[in-house]
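Got the model open in your viewer? Let's walk through it, one selection at a time.

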Amino acid sequence: MSDDGNLTDAERRALAAEKRDVPPPAALETLIVATLRRRGALERGAGGWRTAVAASLVLGLAGGFVGARFLPTAASPDATAHRFVLLLYAGDAVQDGAHRDEYEAWARGLVAAGTDVTGDELSADAVEASTTAAPAALSLPEQPRGYFVIAARDLNEASRIASTCPHLRHGGRVVVRPVVS
Amino acid sequence: MTDADLVRRFVESRDESAFRALYARHAPAVYGTIRRLADTFADADDAFQEAWLRASAGMASFRGASAFRTWLTGIALNCLRERRRNGRHDWHEGPPDASAAEPADHRRLDVAEVLAAMSAPFREVLVLHDVEGHTHEEIADLLGIEPGTSKSRLSRARSDFRRRWRASPGPAPEEGSDV
């Protein structure tokens, strides 16, 4: 028995094993963010992928998209383009804002190449709405961590663009869903 | 992106995504610490929430002398101790006592139950040192006490923990344990 201080090894190990992260209730983040917004301490929507795309547009990398978030034909080189949603699942890339610069650069690259794109990260503090009960924690097994909306001629082109998304390099999955016209 | 980068983004442009990134990165660890130290879940929630609000207001003064998480933990501890001093226990549970940590089935208490039964000053130094792994110098900064006070308090806290732990019935927590 090594009794450093006055605890045995087993007692010390038992105490050390108590160190673990505890995710706070999702409602706390919502409350904190809402309070900070109310106080003017947070700029809603500042940063993130959408800002990156907007900045690209302001710089003139692609015209015709400002003021019409989902208007693929205006700036797309192909007037027959359709919209596709890229849903980003799992992976470690958007859990804490890591790799955000990489995502932003990817979005800027698409805009520079003439592909309309916008997107957002999605917060984890989601609830499931109900007409009969209070909002409840989501019971679905997996939630998207973010999304992009791109313009492409068809599903093949959308899939090709999606295959370059940095989310795939960070262990995530990207699901391509056409928007019904 | 480092904590310092995120702090700078938040301070310079009130960037919500930077704030949320800091939150996602540090909230589970800080909340875990506060939950282990608070008398009630409600106290933990309130102190945690207040800590983030104060940290946001004081983010510009964060110079990176300590890790962001340590800095935030210190703020949260202050919030918790203020609540304790003011006697604010929303769930009317009051401070725990030894009798509250005696399970009806006479099983061995787990560590969390023993910690919950200890006085706040003892619990603080024991958790911060033996669970969280802080040094006495860090604990002194976090609690606003002298390092020597932290050392002597830890010794008494360990005695108290050991007495409660060994007094609880049931099998030892680990096979081959020398408890």
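## Stop 1: a salt bridge between the chains

Pick Glu16(B) and Arg37(A) to begin with: their side chains form a salt bridge, 2.7 Å from N to O. Keep in mind as you click around that this is a predicted model. The pair you've just selected belongs to a count of 4 salt bridges between chain B and chain A. Add polar contacts to your display, and the interface of chain B and chain A has 9 residue pairs of that kind, both residues being at pLDDT 80 or more.

Now colour the side of chain B that touches chain A by helix. The elements that give two or more residues to that side are α1 (3-13), α2 (16-37), α3 (41-57), α5 (111-117), α6 (120-131) and α8 (147-167) of chain B. Which of them gives the most? That's α2(B), with 15 residues. Recolour by class, and this side of chain B shows 21 nonpolar, 8 polar and 16 charged residues.

## Stop 2: the whole interface

Widen the selection to everything in contact across the two chains: you'll pick up 45 residues from chain B and 48 residues from chain A. The area buried between them comes to about 4,000 Å², with carbon and sulfur atoms giving 56% of that. Next, select Arg14(B), Glu16(B) and Arg20(B), which together supply 15% of the area that chain B buries against chain A, more than any other three residues. Glu16(B) is a residue you know already, from its salt bridge with Arg37(A).

## Stop 3: chain B by itself

Hide chain A for a moment. Chain B has 8 helices and 0 strands, and 53% of its 179 residues count as buried. Of the contacts in chain B with a separation of 6 or more, 63% are between residues 24 or more positions apart.

Zoom in on Thr33(B), which sits in helix α2 of chain B. Is this residue buried or exposed? Thr33(B) has a relative accessible area of 5%, so it counts as buried. Show what surrounds it: setting aside neighbours within four places in sequence, Thr33(B) is in contact with Thr73(B), Leu128(B) and Glu132(B).

Then move along to α7(B), residues 136-143, and select His136(B), Ile139(B), Ala140(B), Leu142(B) and Leu143(B), which are buried. Look down the axis: these residues cover an arc of only 165°, so they sit on the same side of α7(B). What do the buried residues of α7(B) pack against? They pack against α4 (68-86), α6 and α8 of chain B. Just after the helix comes Gly144(B), with a positive phi near 70°.

## Stop 4: back to chain A

Bring chain A back and go to its helix α6, residues 155-162. The ones to highlight are Glu157(A), Ala158(A), Ile161(A) and Ala162(A), which are buried. Viewed down the axis of α6(A), they fall within an arc of 140°, so they line one face of the helix. At the N-terminal end, Asp154(A) acts as the cap, with a side-chain oxygen 3.2 Å from the backbone nitrogen of Asn156(A).

Last selection: Asp116(A), in the loop between α5 (100-112) and β2 (117-121) of chain A. Asp116(A) is buried, at a relative accessible area of 4%. Draw a distance from its C-alpha to that of Val149(A): the two are 33 residues apart in sequence and 8.0 Å apart in space.

Technical notes. Residues numbered from 1 in each chain as written. Chains lettered and ligands numbered in written order. Heavy atoms only, no water. Contact = heavy atoms within 4.5 Å. Buried area = accessible area lost by both parts, 1.4 Å probe. Polar contact = N/O pair within 3.5 Å; in protein donor to acceptor, adjacent residues only side chain to side chain. Helix = DSSP H or I, 4+ residues; strand = E, 2+ residues; numbered from the N terminus. Nonpolar A, V, L, I, M, F, W, Y, C, P; charged D, E, K, R; others polar. Buried < 20%, exposed > 50% of the residue type's maximum accessible area, 1.4 Å probe, protein only. Arc of directions from axis to C-beta.
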